[in-house]
Amino acid sequence: MPDDTQIGGMRQQFPTTRWSIIERTRSAQTEERQRALDSLISAYWKPVYKYIRLHWKRENEEAKDLTQEFFSRLIEKNLLDRFAPRRARLRTYLRICVDGLVINADKAAQRLKRGGDVTLLRLDFETAEGELKELPLAGADNPEEIFTREFARSLFGLALERLRSECAVNGKTIHFQLLELYDIEEGGRQLTYDDVARRFGIKTADVTNYLAYARKEFRRIVLDELRTMTASEEEFRREAHTLLGVKL
Amino acid sequence: MTRLLSDSAIERLREAADSPDLAGTRYRLVEKLGQGGMGGVFRVEDTALDRQVALKVISVADPDETSSFRLLQEAHVIAKLEHPGIVPVHDAGLLSDGRPYYTMKLVQGRRLEEHVATVPALSDRLRIFLRICDAVAFAHAHGVLHRDLKPSNVMVGPFGEVLVMDWGLSKLMAEKVENSASSSVDPGPKKPDSSATSFGTVLGTPGYMSPEQSRGESVDQRADVYSLGAILQFLSADLSHVPRALAAIRKQSIAEDRTKRYQTVQDLASDVAHFLDGLPVSAYPEGRLTRAWRWIVRNGVWILLLLAYVAARALLIFFRPR
């Protein structure tokens, strides 16, 4: 047993330099605040939309309106200022805010058509709706599970896009393609490394190394993105456990 | 454009993110072997020695570091328990991503729960059980409680070797900690949180966990005796007829009240060995007739020889020329 083996490894593995998205949304600088909100919206708009569709079982058009209204209120009413990291995770807080919005929308039967008084965001609802049609609807799941699963889908999707572009910039496109084939495509895991090597015209040992690189980078990017989406070290760790921890 | 990830793709990506980063180590990842409560076990190639070993590493996310602590403690404990029934640890350290790991012998075998289906004879199953008891009694002698004994934590190798695995919940017995005797096992790393396995914390597997352990009370070697009793029950569960003496052994080993259980694993093993040899067992007091019958059955050959000798002598006397 080496002497340097010690508890505390996990603390060393997570980057801590990036500002939390919550801190950034409270920044005095408008540009910084806007960038933070853009990041938050890009990670959360699909989970919010799909959550309203799956959990609240709202029609396509109503779900679009509610999603727009939710983010509009989030910005205009500074809902993030009320978020207390000690009391809940950001993900849970946002879900509860969505719940509140939908419930209030139900109560306000006499209200004007939604969307009339909100700032419209450019969100690709057609894609989100197409994704819902492609995926099996899991309406029986509890609200937290639906929202968590959709957030994981959104976050992993964003992380893969970042990995793709970083690999391209670093001349490692093949590394990303291997990850895509082996870890994302259905049936990829049935291939042997020899099969993959033949398909890409590389050595079997290279498949191992390239795949290890892509997985390592994917993990790094996911954790990096997750750090920006959380407000405290504790929340970050809990979210990492929820989203990356394997099923126990 | 962001691609749509199916639920199964998300699971695979989680698994991929969880795979150990072996850069800078002498190991090369081959495949994932399994997943436990604490982390994953991977088959890796030890490039320095050109052999395959098993590498255990905590999952990528370990929010409170309890798993890191348990993994390192497990490595420290197993490393000190050199016994043929306990899988040897080769190496331990930190991966470049900061996660602790250790490597151990790659056991090519089956979990007891699968293996038992291929062993129909009760006597063979009990011999396996005795080897489990040997390993656990050895650990107890070195001050270590397993605390999670169950069929899935026992491997049976292709040559019949029996190995007790998964010492992640193992704990030093209180008296060994207090005495800090040189023969006892070094507990390894210090706990990040002293309450991690203390009173009130329930760790273990329902069905195999002693009542006191499920209540979160402090435990001693009798908790492992209970788990062994539950394993004995598992090993004889599919028998159409369980001999009374064996049933009594099972009953005593899983007694609700630990003072009524076997007090040590050796006591339990001794009764099982006696049962196998056709000897009386302490858990099942026998009447005189039963004992006499057992004596007759055990000494049948000698009794027959004696009877034959007596008959021959009688015949010789009877037919002796007068």
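## A pair of strands in chain B

In this predicted model, strand 8 of chain B, covering residues 154–156, pairs with strand 9 of chain B through three bridges, and the two run in the antiparallel sense. If you would like a residue to look for, start with Met155(B): its bridge partner in strand 9 of chain B is Leu163(B).

Helix 4 of chain B, residues 122–141, packs on the sheet and touches both strand 8 and strand 9 of chain B. The direction of this helix makes about 40° with that of strand 9 of chain B.

## The whole sheet

Stepping back, these strands belong to an open sheet of three strands in chain B, ordered 6-8-9, with antiparallel pairing. Strand 6 (110–111) and strand 9 (162–164) of chain B each have a single partner strand, so they stand at the edges and one side of each is left without a neighbour in the sheet.

## Two helices in chain A

Now over to chain A, where helix 3 (residues 30–54) packs with helix 6 (residues 125–134). Their axes lie 10 Å apart and meet at an angle of about 55°, which means that helix 3 of chain A is oblique to helix 6 of chain A. The crossing of helix 3 of chain A past helix 6 of chain A is right-handed.

Which residues in helix 3 of chain A meet helix 6 of chain A? They are Lys46(A), Tyr49(A), Lys50(A) and Arg53(A), and they meet Phe125(A), Ala128(A) and Leu132(A) in helix 6 of chain A. Sorted by class, this contact between helix 3 and helix 6 of chain A has four nonpolar residues, three charged ones and no polar ones.

Notes
Residues numbered from 1 in each chain as written. Chains lettered and ligands numbered in written order. Predicted model: local features only at pLDDT ≥ 70, side-chain atom pairs only at ≥ 80, totals over all residues. Pairing = 2+ DSSP bridges. Helix = DSSP H or I, 4+ residues; strand = E, 2+ residues; numbered from the N terminus. Contact = placed C-beta atoms within 7 Å. Axes fitted to C-alpha atoms, helices over the stretch in contact; angles between N-to-C directions. Parallel < 35°, antiparallel > 145°, perpendicular 65-115°, else oblique. Left-handed = near helix turned anticlockwise from the far one by under 90°. Nonpolar A, V, L, I, M, F, W, Y, C, P; charged D, E, K, R; others polar.
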